[in-house]
Amino acid sequence: MIDEFYMNLGALVDLCDANETLVCGADLNASVGIATSAAERKVVGSFGIDYRNAAGTRLFDFCDRNELRLATTFFRKRSFASWWHPRNKKGYQLDHFLIKQRDHKRIIDVALNFDNGQLQIHVELEPDDPT
């Protein structure tokens, strides 16, 4: 099932023309951690929860192969957790925005907000330059 998900997601990424901006927000149940090397900074930033699970490694590898960045890890925030374990109350960063690496400079902000017990994640982009 996971293989099929990534195969389908890859097909959708491939459908995006080179001149189009791709932004994909999803609850991916993947903890990707933070960058520990210059090579990793192509995909993940320096902010977030310093923990990577197997699903996070798989998401990282997918993003690396498809020249995507996990935008949620490039902005310093008070909290990065989007889910808390019910027993130990430890927070995990499982929800992410994927964006093409070349479009990353257009991101103004990515944030998680809780409103009335509901998690809201938003990304703010600068308008595309028509020239």
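How many aromatic pairs does the count come to in this predicted model? The count comes to 2 aromatic pairs, and the legends below begin with them.

**View 1. Ring pairs joining Phe5, Tyr6 and Phe62 into a cluster.**
The rings of Phe5 and Tyr6 have centres 5.1 Å apart and planes at 80°, and because planes over 60 degrees apart are classed in this way, the pair is edge-to-face. The rings of Tyr6 and Phe62, with centres 5.2 Å apart and planes at 55°, form a tilted pair. This second pair links distant parts of the chain, since Tyr6 belongs to helix H1 (residues 2-15) and Phe62 to helix H2 (residues 54-65), with the two positions 56 residues apart in the numbering. Accessibility varies within the cluster: Phe5 is partly exposed at a relative accessible area of 37%, whereas Tyr6 is buried at 10% and Phe62 is buried at 3%. A pair of aromatic rings is described by the distance of the centres and the angle of the planes.

**View 2. Charged side-chain ends placed over aromatic rings, at Phe60 and at Tyr51.**
The charged end of Arg52 sits over the ring of Phe60, at 4.6 Å from the ring centre. In the other arrangement shown here, the charged end of Lys90 sits over the ring of Tyr51, and the distance to the ring centre is 5.3 Å. Arg52 and Tyr51 also appear in View 4, where both are among the residues that Val32 touches.

**View 3. The open sheet of 3 strands, in the order S1-S5-S2.**
The pairing in this sheet is antiparallel, and its edge strands are S1 and S2, each of which pairs on one side only. From one strand to the next the twist averages 25°. Strand S1 (residues 23-27) pairs with S5 over 5 bridges, and within this pairing Val23 stands opposite Ile99 of S5. Strand S2 (residues 68-70) pairs with S5 over 3 bridges, with Leu68 standing opposite Lys100 of S5. Strand S5 itself is mostly covered, as 6 of its 6 residues are buried. Asp95, Phe97 and Ile99 point one way from S5, while His96, Leu98 and Lys100 point the other way, and all of these residues are buried. Strands of a sheet pair through backbone hydrogen bonds, either parallel or antiparallel.

**View 4. Surroundings of Val32, in the loop between S1 and H2.**
Val32 has a relative accessible area of 1%, and because this is under 20% the residue counts as buried. When residues up to four places away in sequence are not counted, Val32 touches Val44, Tyr51, Arg52, Gly56, Leu59, Leu70, Thr73 and His96. Leu70, one of these contacts, is 38 residues from Val32 along the chain, and the C-alpha atoms of the two residues are separated by 8.7 Å.

**View 5. The largest nonpolar core, with 18 residues.**
The residues with the most contacts inside this core are Val44, Leu59, Phe62, Cys63, Leu68, Leu70 and Leu98. The elements giving two or more residues to the core are H1, H2 and S2, and the largest share, 4 residues, comes from H2. Around Leu68, once neighbours within four places in sequence are left aside, the contacts are Val13, Leu22, Lys42, Val43, Phe62, Cys63, Leu98, Ile99, Lys100 and Gln101. Apart from the largest core lies another core, of 7 residues, among them Ala71, Phe74, Phe97 and Ile107. In soluble globular proteins, nonpolar side chains tend to be buried together.

**View 6. Asp103 in the loop between strand S5 (95-100) and strand S6 (107-115).**
At 4% relative accessibility, Asp103 counts as buried, because the value is under 20%. With neighbours within four places in sequence left aside, Asp103 is in contact with Glu20, Thr21 and Leu22. For Thr21, the separation from Asp103 is 82 residues in sequence, yet the distance in space is 6.7 Å, C-alpha to C-alpha.

Technical notes: Residues numbered from 1 in each chain as written. Predicted model: local features only at pLDDT ≥ 70, side-chain atom pairs only at ≥ 80, totals over all residues. Heavy atoms only, no water. Buried < 20%, exposed > 50% of the residue type's maximum accessible area, 1.4 Å probe, protein only. Contact = heavy atoms within 4.5 Å. Phe/Tyr/Trp six-rings, centres within 6.5 Å; stacked < 30°, edge-to-face > 60°. Lys NZ or Arg CZ within 6 Å of the ring centre and 35° of its normal. Pairing = 2+ DSSP bridges. Axes fitted to C-alpha atoms, helices over the stretch in contact; angles between N-to-C directions. Core = buried A, V, L, I, M, F, W, Y, C linked by side-chain atoms within 4.5 Å.
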